[in-house]
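I opened the file to look up a few contacts, burials and pairings. The entries follow in the order in which I made them.

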Amino acid sequence: MKHVDEYRDPHAAQKLAQAIRKVVTQRWTIMEVCGGQTHAIVRFGIQDLLPDSVELVHGPGCPVCVTPLEMIDKALEIATRDDVIFCSFGDMVRVPGSRADLLGARARGADVRIVYTPLDAVRIAADNRDKQVVFFAVGFETTGPANAMAVHMAKTQGLRNFSALVSQALVPPAIEAIMSAPDTRVQGFLAAGHVCTVMGTHAYAPLAAKYGVPIVVTGFEPLDILQGLYRCVLQLEQRRAQVENQYERAVCEAGNTAAQALLERVFRVVTRKWRGIGEIGESGWALTPEYEAFDAEKRFGLADAEVSEPEICISGLVLQGLKKPADCPAFGKQCAPDHPLGATMVSGEGACAAYYRYRRKRAA
Amino acid sequence: MCLATPGQIISIEGDDALSRRGQVRFGEAVRDACLAFVPEAKEGNYVLVHAGVAIAVLREDAAARALDLLGQIE
Ligand code: SF4
């Protein structure tokens, strides 16, 4: 496939790894923010190509992983109502809430449907006017345009039976939270390419300057990631801390301004809770007053409940790059992808799940 | 979950900015995609599609430059 295959050439990957080895003179710890990149790093064995002195730690950029337990409980509460068709992306339906998951609810008779795009949920609402259709609008900035478009379409079509359970998270405040933690080990970042495709790169320059960290906006294929790492290591070695864009074919400084225009209309910035991490100021989106009528939490009058994570799980530390999955006593034992205890084992892009899937395969 | 897939636009319909959509080919598969956020996209262009919505037109000149650079690494 064009724009994919060219970036998977193993020979070029070796050469890039060699180039990194040539410039590196000391230990560096670099975080890839995005779960899609974590997945590619573990899948293609990128850490194994790197010199020991370059350590990758995995960031909080998996929206499935950071959706709070309370939110999943709310999804379950809505989905199990008789008058509801509950629509979700596939990777959310396996995530355990404090008592059950959406797939389990479906097995017990709830109408839970997996959709490829939120726009399908709007079509389902148009076709089922006697039902309430709720879309679980989970995502980072990348998914914002699709989620915003769904809500906007429902409004323009006058669909009173459509609403969205919004769990949108924002990347720059998460980077800020990681860098302001006193025990952070992160010295450089690969920023998530597709988040920047939508939002542009300007939010990162103040972070690079404030914390003295290089931030390289990076794509998702193996050569993208290796090139992003090369540029990050080079900056670290030269004691520079700038924003660079490795992923120029898909990211420009301003981002997608047409998408941003609708995002600004549909969403406002709010404080939100991140599963495994806790509350981060101004790190999420909620619907603006103009679109509030489509807020599922309001429509169904759901209250916030306090729920707690399993005590053994260290996913909060994994998401902040402070620990690796294998440091967790439950890893691969009480906790595995088909019976996950924590956020990062749930989604295929969570660090624990990626390690479980690929590390074990290679060890075998 | 933030993965987006590059595909080639094979047809475009709808002239209202927010209802613009089209058929996009990903390897063997062809899918419908919302093109509202890529007003500059034309048939034949490659777009990055996430959750059924195109979020960027891929820049061929930038891709060529990146591959060129990769070819020069020793
Ligand atoms: S292995 Fe399971 S229990 Fe341990 S940190 Fe990862 S998700 Fe939590």
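I began with A:Asn256, which lies in the loop between strand E9 (243-245) and helix H13 (257-266) of chain A. Helices (H or I, at least four residues) and strands (E, at least two) are DSSP runs, numbered from the N terminus. The model is predicted: local features need pLDDT of at least 70 and side-chain atom pairs count only at pLDDT 80 or more, while totals for chains, interfaces and linings use all residues. Residues are numbered from 1 along each chain as its sequence is written, chains are lettered from A and ligands numbered from 1 in the order in which they are written, and side-chain values use heavy atoms, with hydrogens and water left out.

I asked whether A:Asn256 is buried or exposed. A:Asn256 has 8% relative accessibility and counts as buried (buried means under 20% relative accessible area, exposed over 50%, partly exposed in between, with a 1.4 Å probe and protein chains only). Leaving aside neighbours within four places in sequence, I listed its contacts as A:Thr197, A:Val198, B:Phe37, B:Val38, B:Ile55 and B:Ala56; contact means heavy atoms within 4.5 Å. I also noted A:Pro145, 111 residues away along the chain, with 9.7 Å between its C-alpha atom and that of A:Asn256.

Next entry: the sheet in chain A. I read an open sheet of six strands in the order E4-E3-E5-E6-E11-E10 (chain A), with mixed pairing; two strands pair if DSSP finds at least two bridges between them. Strand E4 (111-114) and strand E10 (267-274) of chain A each have a single partner strand and stand at the edges, so one side of each has no neighbour in the sheet. On average, neighbouring strands of this sheet are turned by 25° against each other, direction ignored. Axes are lines fitted to C-alpha atoms, for helices over the stretch in contact, and angles run from 0 to 180 degrees between N-to-C directions.

At one edge, E10(A) runs antiparallel to strand E11 (residues 278-287) of chain A, and seven bridges join them. There A:Val270 stands opposite A:Gly284 in E11(A).

I then checked which helices lie on the sheet. Helix H9 (residues 171-180) of chain A packs on the sheet and touches E6, E10 and E11 of chain A, its direction making about 175° with that of E11(A). Seven of the ten residues of H9(A) are buried, among them A:Pro172, A:Ile175 and A:Met179. Helix H7 (residues 118-127) of chain A lies across strand E3 (84-88), E4, strand E5 (132-139) and strand E6 (162-169) of chain A, at about 170° to E5(A).

For burial I also looked at helix H5 (residues 69-79) of chain A. Ten of its eleven residues are buried, so H5(A) is largely enclosed by the rest of the structure. The buried residues of H5(A) include A:Glu70, A:Asp73 and A:Lys74.

Aromatic pairs came next. I count six over all chains, where rings of Phe, Tyr and Trp (its six-membered ring) pair if their centres lie within 6.5 Å, and planes under 30 degrees apart count as stacked, over 60 as edge-to-face and the rest as tilted. A:Phe140 and A:Trp274 have ring centres 5.8 Å apart and planes at 50°, so this pair is tilted. A:Phe140 is in the loop between E5 and helix H8 (144-156) of chain A and A:Trp274 is in strand E10 of chain A, so the pair ties together parts 134 residues apart in sequence. A:Phe140 is buried at 1% relative accessibility, and A:Trp274 is buried at 0%.

For A:Phe331 and A:Tyr356 I noted centres 6.3 Å apart and planes at 75°, so the pair is edge-to-face.

I also looked for charges over rings (NZ of Lys or CZ of Arg within 6 Å of the ring centre and within 35 degrees of the ring normal). The charged end of A:Arg272 sits over the ring of A:Trp274, 5.6 Å from its centre. The charged end of A:Arg249 sits over the ring of A:Tyr7, at 3.6 Å from the centre.

Last entry: chain B. Strand E2 (residues 21-26) and strand E3 (residues 29-34) of chain B run antiparallel and are joined by six bridges. E2(B) and E3(B) form a hairpin with two residues between them, and B:Gly27 in the turn has a positive phi of about 60°.
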